[in-house]
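Work through the exercises below with the sequence and the model open. Each task is followed by a solution in steps.

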Amino acid sequence: MSAEAIRVGLRRPAHRIFVHQLRSEQLVFWRSREAAFFIFLFPLLLFLLLGSVYHGRYQHVPIVRAVLAGLVAYGCANTAFAGLAIQLVLRRENGILKRLRSTPLPPATYVGSLLVSTLIVFGLQTIALFLLGRALYGTPFPSDLASFVATIVIGAAVFAALGTATASAIRSAEGSSAVVNFILLPMAFLSGAFGPTRGYPAVLRAIGEVLPLTYFVKLVDAVYLHGDGFWTQPEALAVLGAWGVAGLLFTIFKFRWEPSER
Amino acid sequence: MPAIEVSGLRKAYGSLEAVRGVDFSIEEGEVFGLLGPNGAGKTTTVEILEGYRKRDAGEVRVLGSDPERPKPDFRQRIGVVLQQSQMWANLTVREIHAIFAGYYWAPRDVEEVIALVGLQDKADARVKTLSGGQKRRLDLGIALVGDPDLVFLDEPTTGFDPQARRAAWEMIRSLRSLGKTVLLTTHYLDEAEQLSDRVAVLRDGVIVRVGTPSELTTADLQTEIRYRRNGEEILVRTDEPTRVLAELTSAAVARGEELDGLQVRRPSLEEVYLALTADEDEA
């Protein structure tokens with residue numbers, strides 16, 4: 001048997017490489033304490049803080065439920081947009097992406113496993129938020145679980161597309177997290193993820209009207225606070241879809257595997 | 001069949017012609033050194049062969065593939081050590097080897113590779129605790145874990161202390177004994193001389209000389225014969241050292257004199273290299 005035939009005989013099925021890479025991504029994520037803290041724990045800490053600050057009712061429901069919905073939305077942007085963008089820039093500038101390109105790992109498998117890994121982190125975070133809410137503030141679980149899961153996946157996809165687009169636009173590892181947080185934190189306030197924006201000046205509310213997180217907050221509110229199906233929000237879905245497609249197109253044309261020239 | 005065949009290779013970045021018509025071929029099992037100053041086109045050439053860059057012109061065959069349209073086994077059969085790359089700082093040496101091993105159809109045993117690159121005592125250490133030399137050995141380990149037939153080493157010992165360099169040389173020699181083909185780029189002449197079966201000197205995007213290290217040192221510069229006479233140092237450069245030396249020594253014997261401080265030396269590869277890569281107006 002020739003060496004070639006032996007190799008072909010041992011060829012690994014595509015799904016095994018995917019599972020292998022997904023496990024690798026999970027190991028890389030949880031091993032980094034900074035990532036685990038800022039991406040996974042930070043929204044939980046914010047929930048503890050905001051949940052004990054806000055009292056009363058909002059949109060006819062206890063306000064702590066609205067806080068929870070806002071933080072699920074913020075967690076999505078934090079994980080899929082900010083976390084993914086920062087990780088990708090660091091990996092690109094460190095030469096990890098370039099190094100992986102010379103291995104037999106297919107690029108689609110790499111990107112797919114990174115996205116699924118991000119979704120797993122965000123999914124676990126969402127579960128942790130609901131468990132925390134239930135234990136401390138008596139918030140209920142989503143009544144329409146299928147619609148809620150679909151909402152989560154839609155949000156993760158849109159913000160991941162924006163995360164990869166942002167990573168493509170950032171040229172250096174230094175300051176990449178500052179740039180990303182400079183986008184994320186104002187967006188979180190202006191979109192209402194950290195509480196109602198009714199009291200904000202009109203100009204800030206106008207800016208909020210075009211941000212993707214605003215529409216994702218609306219979608220999560222509809223599904224979680226009011227028990228509506230995600231399809232009852234065509235406007236939010238359309239705006240999110242437009243942002244997602246824009247992010248995807250920018251990524252396709254501008255994404256680089258190699259470090260910036262120095 | 002040669003492992004690598006390159007002819008008429010050209011590559012420009014805008015108006016800068018980095019590679020201007022390069023030809024060479026590397027046999028299976030050969031350690032081939034690509035030597036040249038910074039900006040000579042070494043990394044561009046190697047990155048075209050690795051499949052990172054598209055060429056503007058020329059023919060390239062690497063393990064029977066065109067790297068721009070590689071066969072499915074191409075990336076299975078190459079191992080790459082990049083000039084600069086880092087790995088996930090919080091993972092251990094063993095974990096990173098295992099991750100890379102998972103990409104290949106027939107990887108080598110992870111523990112065996114870790115021992116081969118001399119990191120067995122660091123197998124459970126996180127990457128961020130490794131020294132520069134140890135990180136470079138990790139790069140070599142993950143290049144070898146897929147059991148490649150062809151290994152690209154782009155300046156593998158830059159920044160090493162002398163001891164670490166010796167250790168790396170031993171490892172690269174062991175690749176030859178495993179039957180691997182190695183393409184080594186370096187700007188250390190002693191490294192090329194110590195490790196390579198053949199060396200190509202690259203300058204301004206063209207190969208100015210190819211040959212074994214000893215061919216290069218004999219073909220290009222004359223042998224130097226030095227001695228002192230009446231306290232004055234005399235230097236003779238010659239293409240016929242045997243004849244000249246015989247004349248000198250027999251004349252001295254006939255006079256009953258000693259040739260004080262007699263030295264015969266072949267130019268080092270370094271001198272050949274400096275002569276080859278010097279600017280024309282300086283030479």
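**Exercise 1. Chain B as a whole**

What percentage of the 283 residues of chain B count as buried?

Solution. The model is predicted: local features need pLDDT of at least 70 and side-chain atom pairs count only at pLDDT 80 or more, while totals for chains, interfaces and linings use all residues. Residues are numbered from 1 along each chain as its sequence is written, and chains are lettered from A and ligands numbered from 1 in the order in which they are written.

Step 1. A residue is buried if 20 or more other C-beta atoms, placed from the backbone, lie within 10 Å of its own, exposed if 12 or fewer do, and partly exposed in between. By this count 39% of the 283 residues of chain B are buried.

Step 2. Chain B holds 10 helices and 12 strands. Both are DSSP runs numbered from the N terminus, helices being H or I of at least four residues and strands E of at least two.

Step 3. Along the principal axes, the C-alpha atoms of chain B fill a box of roughly 75 × 45 × 35 Å.

**Exercise 2. The two open sheets of chain B**

Give the strand order and pairing of the open sheet of six strands, then those of the open sheet of three strands, both in chain B.

Solution. Step 1. Two strands pair if DSSP finds at least two bridges between them. The six strands follow the order 5-6-7-3-8-9 with mixed pairing. Strand 5 and strand 9 (206-211) of chain B are the edge strands, each pairing on one side only. On average, neighbouring strands here are turned by 15 degrees against each other, direction ignored.

Step 2. Within this sheet, four bridges pair strand 3 (residues 31-35) with strand 8 (residues 198-203) of chain B in the parallel sense. B:Leu34 has B:Ala200 of strand 8 as its bridge partner.

Step 3. The three strands have the order 11-10-12, and their pairing is antiparallel. Strand 11 (232-238) and strand 12 (260-265) of chain B are at the edges with a single partner strand each, so one side of each has no neighbour in the sheet. The average turn between neighbouring strands is 10 degrees, direction ignored.

Step 4. Strand 10 (residues 223-229) and strand 12 of chain B run antiparallel and are joined by four bridges. B:Arg228 stands opposite B:Asp260 of strand 12.

Step 5. Helix 9 (residues 241-255) of chain B lies across strands 10, 11 and 12 of chain B, at about 15 degrees to strand 10. Axes are lines fitted to C-alpha atoms, for helices over the stretch in contact, and angles run from 0 to 180 degrees between N-to-C directions.

**Exercise 3. Two positive phi values**

Is B:Asp147 buried or partly exposed, and is B:Glu155 buried or partly exposed?

Solution. Step 1. Most residues other than glycine have a negative phi. B:Asp147 has a positive phi, near 55 degrees, and B:Glu155 has a positive phi, near 50 degrees.

Step 2. B:Asp147 lies in the loop between helix 5 (132-144) and strand 6 (150-154) of chain B. B:Glu155 is in the loop between strand 6 and helix 6 (162-177) of chain B.

Step 3. B:Asp147 has 19 C-beta neighbours inside 10 Å and therefore counts as partly exposed. B:Glu155 has 20 and therefore counts as buried.

**Exercise 4. Helices of chain A**

Which residues of helix 8 of chain A are buried, and at what angle do the axes of helix 7 and helix 10 of chain A cross?

Solution. Step 1. The 15 residues of helix 8 (residues 176-190) of chain A should span 21 Å, and the end C-alpha atoms are 22 Å apart, which agrees. The expected span is 1.5 Å times one less than the number of residues.

Step 2. The buried residues of helix 8 are A:Ser176, A:Val180, A:Leu184, A:Met187, A:Ala188 and A:Leu190.

Step 3. The axes of helix 7 and helix 10 of chain A come within 10 Å and cross at roughly 170 degrees. This makes the two helices roughly antiparallel, a class for angles over 145 degrees, with under 35 roughly parallel, 65 to 115 roughly perpendicular and the rest oblique.

Key
Contact = placed C-beta atoms within 7 Å.
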